[in-house]
Amino acid sequence: MSGGGGQGAAGKSASRAGRDLGAAIAVGVGLGAVILFALFTVRQTFVGIVAVAVAISVYELTGALKRGGDIKVVLVPVLLGGQAVVWLAWPFGRDGMLTAFVVTVLVCLIWRLKDGPAGYLRDVTASIFTVVYVAVFASFAVLLVVPEDGVFRVLAFLIGVVLSDTGGYAAGVFFGKHPMAPTISPKKSWEGFAGSMVAGMAGGALTVGLMLGGTWWQGVLFGAALVVTATTGDLVESLIKRDLGLKDMGTLLPGHGGLMDRMDSLLPSAVVSWLLLHAFVP
């Protein structure tokens with residue numbers, strides 16, 4: 001899973017980083033093992049894993065919006081609609097996702113009417129944002145697993161994000177001196193981003209070339225794109241948390257925070273992974 005502070009210009013130990021590094025690694029390995037078991041046994045169960053992750057992440061994000069900004073997401077339609085978006089992605093593809101999303105938006109507009117005009121636009125906008133940011137983005141991971149070689153497509157996506165995070169963390173710890181976005185995420189450095197890029201491009205060249213039959217340059221582009229989206233996703237969630245005055249979205253995962261804190265890099269990367277692999281190795 002992703003690691004939010006992986007390109008640190010500071011925080012060269014678990015204590016300085018503010019995380020229990022051992023617990024974080026154990027949780028990451030455990031989650032990875034569950035995903036791999038699902039993929040290599042009955043790959044359809046991967047949809048269930050995505051659906052559970054979406055439900056938990058939606059709940060954490062709506063709770064964070066309420067705690068930090070008194071924003072009232074219409075939880076029931078967003079939870080149920082998010083599940084519909086994910087589950088309809090396998091049998092009906094993009095048409096199923098779009099239909100579920102549009103119906104969810106309509107239900108959100110109607111559901112919020114009962115609480116009156118105060119904050120209506122704010123709450124509905126946040127509700128739609130939550131569906132898109134979590135459920136719609138995550139459903140692209142489901143689209144990745146649908147083809148016959150879907151297991152390897154999902155692996156290419158996950159390996160790319162993990163390598164981006166790992167390369168960024170290592171380079172940031174040893175060489176990080178120049179903050180990348182000091183007002184958003186002070187621990188991220190340009191040196192860490194360079195480490196992410198090297199690891200991501202190398203991983204992309206290997207996974208796309210060896211597992212999916214693509215060319216090396218397609219793999220390099222794929223890996224570079226994942227580094228950009230993973231880093232952007234991490235920065236976006238950091239901005240959201242700073243805006244809300246929160247450190248973490250939740251407390252579910254020791255050493256990580258909430259599950260949503262681990263989904264930040266994965267969500268936008270799932271979209272870009274599907275788009276590029278659909279173009280490179282259709």
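User: Why is D70 called partly exposed?
Analyst: In this predicted model, D70 has a relative accessible area of 41%. Partly exposed covers the range between the limit for buried, under 20%, and the limit for exposed, over 50%. The value of 41% lies between these limits, so D70 is partly exposed.

User: Where is D70 found, and what is notable about its phi?
Analyst: D70 is found in the loop that joins α3 and α4. Its phi is positive, about 50 degrees, although D70 is not a glycine. As background, most residues other than glycine have a negative phi.

User: What makes G119 partly exposed, and where is it found?
Analyst: The relative accessibility of G119 is 25%. Buried requires a value under 20% and exposed a value over 50%. Since 25% meets neither condition, G119 counts as partly exposed. G119 is found in the loop between α4 and α5. In sequence, G119 and K72 are 47 residues apart, while their C-alpha atoms are 8.5 Å apart in space.

User: Is W87 called buried, partly exposed or exposed, and what are its surroundings?
Analyst: W87 has a relative accessible area of 43%. This is not under 20% and not over 50%, and W87 is therefore partly exposed. W87 has its place in helix α4. Leaving out residues up to four places away in sequence, W87 touches V47, G48 and A51. P147 lies 60 residues from W87 in sequence, with a C-alpha to C-alpha distance of 16 Å.

User: How do you know whether V105, also in helix α4, is buried or exposed?
Analyst: The relative accessible area of V105 is 17%. The term buried applies under 20%, so V105 is buried. V105 and A135 are 30 residues apart in sequence and, from C-alpha to C-alpha, 13 Å apart in space.

User: What makes L155 buried, and which residues does it contact?
Analyst: With a relative accessible area of 10%, L155 falls under the 20% limit, and it is therefore buried. L155 is placed in helix α6. Neighbours within four places in sequence aside, L155 is in contact with L36, L39, F40 and M211. L155 and V208 are 53 residues apart in sequence, and their C-alpha atoms are 9.8 Å apart.

User: Which residues does L39 touch, and what is its role in the count of core contacts?
Analyst: Residues up to four places away in sequence are not counted here; L39 touches F46, V145, V151, V154 and L155. The largest nonpolar core has 59 residues, and L39, F46, V54, F140 and F157 touch the most other members. Elements giving two or more residues to this core include α2 (21-40), α3 (45-69), α4 (75-111) and α6 (150-175). The largest share, 13 residues, comes from α5. Another core lies apart from this one, with five residues, among them F193, M197, A224 and V227. In soluble globular proteins, nonpolar side chains tend to be buried together.

User: How many helices and strands does the protein have, and in what order do they run?
Analyst: The protein has 10 helices and two strands. From the N terminus on, the order is α-α-α-α-α-α-β-β-α-α-α-α.

User: Why is the protein called as compact as a globular protein of its length?
Analyst: The radius of gyration of the protein is 19 Å, and the globule rule gives 19 Å for 282 residues. The value is close to the rule, so the protein is as compact as a globular protein of that length. The C-alpha atoms fill a box of roughly 55 × 45 × 30 Å along the principal axes.

User: What share of the residues counts as buried, and what supplies the exposed area?
Analyst: Of the 282 residues, 52% count as buried. The protein exposes about 12500 Å², of which 74% is supplied by carbon and sulfur atoms.

User: What share of the contacts joins residues 24 or more positions apart?
Analyst: Among contacts with a separation of 6 or more, such residues account for 73%.

User: How many charges are counted, and where do their mean positions lie relative to each other?
Analyst: There are 19 positive and 16 negative charges, and their mean positions are 5 Å apart.

Definitions and conventions:
Residues numbered from 1 in each chain as written. Predicted model: local features only at pLDDT ≥ 70, side-chain atom pairs only at ≥ 80, totals over all residues. Heavy atoms only, no water. Helix = DSSP H or I, 4+ residues; strand = E, 2+ residues; numbered from the N terminus. Rg over C-alpha atoms; globule rule 2.2 N^0.38 Å. Buried < 20%, exposed > 50% of the residue type's maximum accessible area, 1.4 Å probe, protein only. Contact = heavy atoms within 4.5 Å. Areas by Shrake-Rupley, 256 points an atom, 1.4 Å probe, with all protein chains shown as cover. Lys, Arg positive; Asp, Glu negative; His and termini not counted. Charge placed at Lys NZ, Arg CZ, Asp CG, Glu CD. Core = buried A, V, L, I, M, F, W, Y, C linked by side-chain atoms within 4.5 Å.
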